[in-house]
Amino acid sequence: MRVILRESRFLLPERSHEDEIKRHRSAVIGLCVIGFAGCAWFASSIFSIDYISYQCIMLAAVFAIAQESLMRNITELFENKFEEARYVD
């Protein structure tokens with residue numbers, strides 16, 4: 001890890017690009033959860049949501065976990081296919 005001298009004359013570690021991406025990803029996920037809860041709470045009359053059962057919440061959690069792994073595998077599949085196509089040409 002590189003250390004640079006800032007204007008304040010203290011030695012501070014430089015932030016990496018990966019830290020910025022992790023922070024951004026965490027913020028997006030957090031805002032999505034807040035938005036989902038806000039829509040369920042404040043806009044329930046628009047969507048005719050009266051009650052969300054425990055089973056429904058658990059099913060949504062299972063779908064979220066399955067979607068994450070499915071999208072990761074699809075991304076790796078397409079990255080490998082594009083990488084192979086790049087070397088063939």
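User: Before we start, what does partly exposed mean here?
Analyst: Buried means under 20% relative accessible area and exposed means over 50%, with partly exposed in between. R72, at 40% relative accessibility, therefore counts as partly exposed. Keep in mind that this is a predicted model.

User: Fine. What does R72 pair with?
Analyst: E68. The two side chains meet in a salt bridge, 3.4 Å from N to O.

User: And where do R72 and E68 lie?
Analyst: Both are in helix α3. They sit 4 residues apart, about one turn of the helix.

User: E68: buried, exposed or in between?
Analyst: E68 is partly exposed, at 43% relative accessibility.

User: How many salt bridges in the count?
Analyst: The count comes to 2. Besides the R72 and E68 pair, R23 and E20 meet through their side chains at 3.6 Å, N to O.

User: Where is the R23 and E20 pair?
Analyst: In helix α1. R23 and E20 are 3 residues apart, again about one turn of the helix.

User: What about the accessibility of R23 and E20?
Analyst: R23 has a relative accessible area of 43%, so it is partly exposed. E20 is at 37% and also counts as partly exposed.

User: Why would such side chains pair at all?
Analyst: Side chains of opposite charge can pair when their charged atoms come close.

User: Let's zoom out. What is the order of elements along the chain?
Analyst: From the N terminus on, it runs β-β-α-α-α. That is 3 helices and 2 strands.

User: How much of the chain is buried?
Analyst: Buried residues make up 2% of the 89 residues.

User: And how much surface does the chain expose?
Analyst: About 8,800 Å². Carbon and sulfur atoms supply 65% of that area.

User: Which residues make a nonpolar surface patch?
Analyst: L70, M71, I74, F78 and F82 make one of about 500 Å².

User: Take L70. Where is it found?
Analyst: In helix α3, which covers residues 54-88.

User: Why can L70 belong to a patch?
Analyst: Patch residues need over 30% relative accessible area and no salt bridge. L70 has 48%, so it passes the area cut-off while counting as partly exposed.

User: New topic, pockets. How much space lies in the largest one?
Analyst: About 470 Å³.

User: Which elements give two or more residues to its lining?
Analyst: Helices α1 (17-42) and α3 do. Helix α1 gives the most, with 6 residues.

User: How many lining residues in total, and which lie nearest the centre?
Analyst: The largest pocket is lined by 14 residues. V33, F36, A37, A60 and A61 lie nearest its centre.

User: How does that lining divide into nonpolar, polar and charged?
Analyst: It has 14 nonpolar residues, no polar ones and no charged ones.

User: Quick recap on α3?
Analyst: Helix α3 holds the R72 and E68 pair. L70, from the nonpolar patch, is found there too. Helix α3 also gives two or more residues to the lining of the largest pocket.

Technical notes
Residues are numbered from 1 along each chain as its sequence is written. This is a predicted model: local features need pLDDT of at least 70, side-chain atom pairs count only at pLDDT 80 or more; totals for chains, interfaces and linings use all residues. Side-chain values use heavy atoms; hydrogens and water are left out. Patches are made of residues with over 30% relative accessible area and no salt bridge: like charges are joined within 9 Å, nonpolar side chains (Val, Leu, Ile, Met, Phe, Trp, Tyr) within 5 Å. Accessible areas come from the Shrake-Rupley method with a 1.4 Å probe; for residues, only the protein chains shown count as cover. A salt bridge is a side-chain nitrogen of Lys or Arg within 4 Å of a carboxyl oxygen of Asp or Glu. Buried means under 20% relative accessible area, exposed over 50%, partly exposed in between (1.4 Å probe, protein chains only). On a 1 Å grid over the protein atoms alone, a cavity is a set of points where a 1.4 Å probe fits but cannot get out, and a pocket is an open set with protein on both sides within 12 Å along at least five of seven lines; lining residues have an atom within 4 Å of a point. Grid points are joined across faces, edges and corners, and a volume is the space filled by probe spheres set on the points. Ala, Val, Leu, Ile, Met, Phe, Trp, Tyr, Cys and Pro count as nonpolar, Asp, Glu, Lys and Arg as charged, and the others, Gly among them, as polar.
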